[in-house]
Amino acid sequence: MTQILIPLKQHVGAPCKAIVNAGDHVQRGQLMAEPNGLGANIHASFAGRVIDVDGDNIVLTIDEEQDFSTYLPIIETDNPIKAVENAGIVGAGGAGFPTFLKLACEIPEGVFIANGAECEALLVHNVKQMNEHIDQLIRGMKYCMEMTKAPKGVIAVKGKHRALITRLLKAVDSEPTLDVYQLPDIYPAGDERMIVREVMDIVLEPGQLPTEVGAVIDNVETIKRIVEAIEDHKPFIDKDVTVSGRVKQKETVFVDVPIGTPVKTLINNVGGYVEPHGEIVIGGPMTGRSGDEITPITKTSGGVLVAMPFPQESRKVGLLICECGGSAERMTEIANNMGAEVVAAERCKRMVEVNGRYRCALPGICPGQAQTVLSLKKQGAEVVMTGSCSD
Ligand code: SF4
């Protein structure tokens, strides 16, 4: 009998409160946990029996027979924002912010932006979604524009996707309120403040939200889940995932992977590892985190990337921290896995403190880092590890 884990925290905010108990049998789509403060509903993505509920997960023994073509629908409502809330939709691009809260704001002179940047290298599932389901994307944008009262909608895509941009432009040709914007081919093009700067020519202060200047931004897959909630009453129980790296079939997109599916299932489905292989990264190469074969897919897991084995490094390492890239904790973990000692850490000089958190003042307009590197060297660093790919 196969056991899977459904994490109670798949979003920004506190872990959800389970409303099922050990021994309960659940159907696919059944509500299993509710927000405990900021958060979003969690539904069963498999039919099965609950065998344990702890502070972190609901543990399910899944039924041998599964019908992934069906699910228990969410409570029907005429209110689209309520449908998004009932469905438990959160930012599927990785942020995990509850989507109904984003959509509950009104921007009558603003713009709703579909974030199709596919910011992280190696991930391709959002581009596939746009290529194959333009009509669904356009319907989703219209729903979001209606909910936020935005008079204008923009699909933001990196300029390198020329064929896709041509198709999107053709599709919005007869839609006077919709447009397509070409983002630069850099990291972090998908950062919300960078998108606002590009699309609206407004520079948000670090810590300032897009809504403060009349923008609401949702990732392309989030918009797909919004359409499913409104049109099909479907809860957010499946996730699109790119699997790549040291696996037999690179750049494989799995559409609608049931949440809770262990990572190893996806790796097996692409023919297994290319040996030798190293760690499994959940998410993108820049902001992903280390996982393992039993790590469950969640609402925010965009990628399963199998890395090469860590090269060994005996020199002393200095960390150059970028807000949008690998965190100091993640880089320290990588350095330690390489056998290296971290002797110093410095933030990019564009990072400023806002409410106790360091934010980038101008994402994507990256300065030279010579001074910072010199400072790291003065502190004993022999090599530098950077969390940004821009400089
Ligand atoms: S300016 Fe600095 S903190 Fe901001 S994206 Fe560039 S490297 Fe990262």
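For these notes I count Ala, Val, Leu, Ile, Met, Phe, Trp, Tyr, Cys and Pro as nonpolar, Asp, Glu, Lys and Arg as charged, and the others, Gly among them, as polar.

**Entry 1, ligand shell.** I am working from a predicted model, and I looked up the surroundings of the ligand before anything else. With those classes in hand, I found that the shell around the ligand has 9 nonpolar, 3 polar and 3 charged residues. Of the 15 residues around the ligand, I noted that C322, C348, R350, C360 and C366 come nearest.

**Entry 2, domains.** I then looked up how the protein is divided, and I recorded domain 1 at 3-62, domain 2 at 80-232, domain 3 at 240-306 and domain 4 at 317-386. For the separation of domain 1 from domain 4, I read off a distance of 37 Å between their C-alpha centres.

**Entry 3, record against model.** In UniProt I found, in an unreviewed entry, the feature "domain: RnfC Barrel sandwich hybrid" placed at residues 3-55. In the model, I see that residues 3-55 are 0% helix and 40% strand, with the end C-alpha atoms of the span 17 Å apart. UniProt also places the feature "domain: NADH-ubiquinone oxidoreductase 51kDa subunit FMN-binding", again from an unreviewed entry, at residues 84-227. Over residues 84-227 I noted 41% helix and 17% strand, and the end C-alpha atoms there are 9 Å apart.

**Entry 4, the sheet of three strands.** I traced an open sheet of 3 strands in the order β2-β4-β5, with antiparallel pairing. Its edge strands are β2 (17-18) and β5 (42-43), each of which pairs on one side only. Between β2 and strand β4 (residues 31-34) I recorded antiparallel pairing over 2 bridges, and I found that the bridge partner of K17 in β4 is E34.

**Entry 5, the sheet of five strands.** I next followed an open sheet in which 5 strands run in the order β13-β12-β16-β14-β15, and here the pairing is mixed. The edges are formed by β13 (252-258) and β15 (289-291), each pairing on one side only, while the twist from one strand to the next averages 30°. Within this sheet I looked at strand β14 (residues 280-282) and strand β16 (residues 303-306), which pair in the antiparallel sense over 3 bridges; I282 stands opposite V304 in β16.

**Entry 6, a helix across the sheet.** Lastly I looked up helix α3 (residues 125-132), and I found that helix α3 lies across β12 (238-245) and β13, running at about 120° to β12.

How values were computed: Residues numbered from 1 in each chain as written. Predicted model: local features only at pLDDT ≥ 70, side-chain atom pairs only at ≥ 80, totals over all residues. Near = placed C-beta within 6 Å. Domains from an automatic or database assignment. Pairing = 2+ DSSP bridges. Axes fitted to C-alpha atoms, helices over the stretch in contact; angles between N-to-C directions. Contact = placed C-beta atoms within 7 Å. UniProt positions renumbered as here; feature names shortened; annotations may be inferred.
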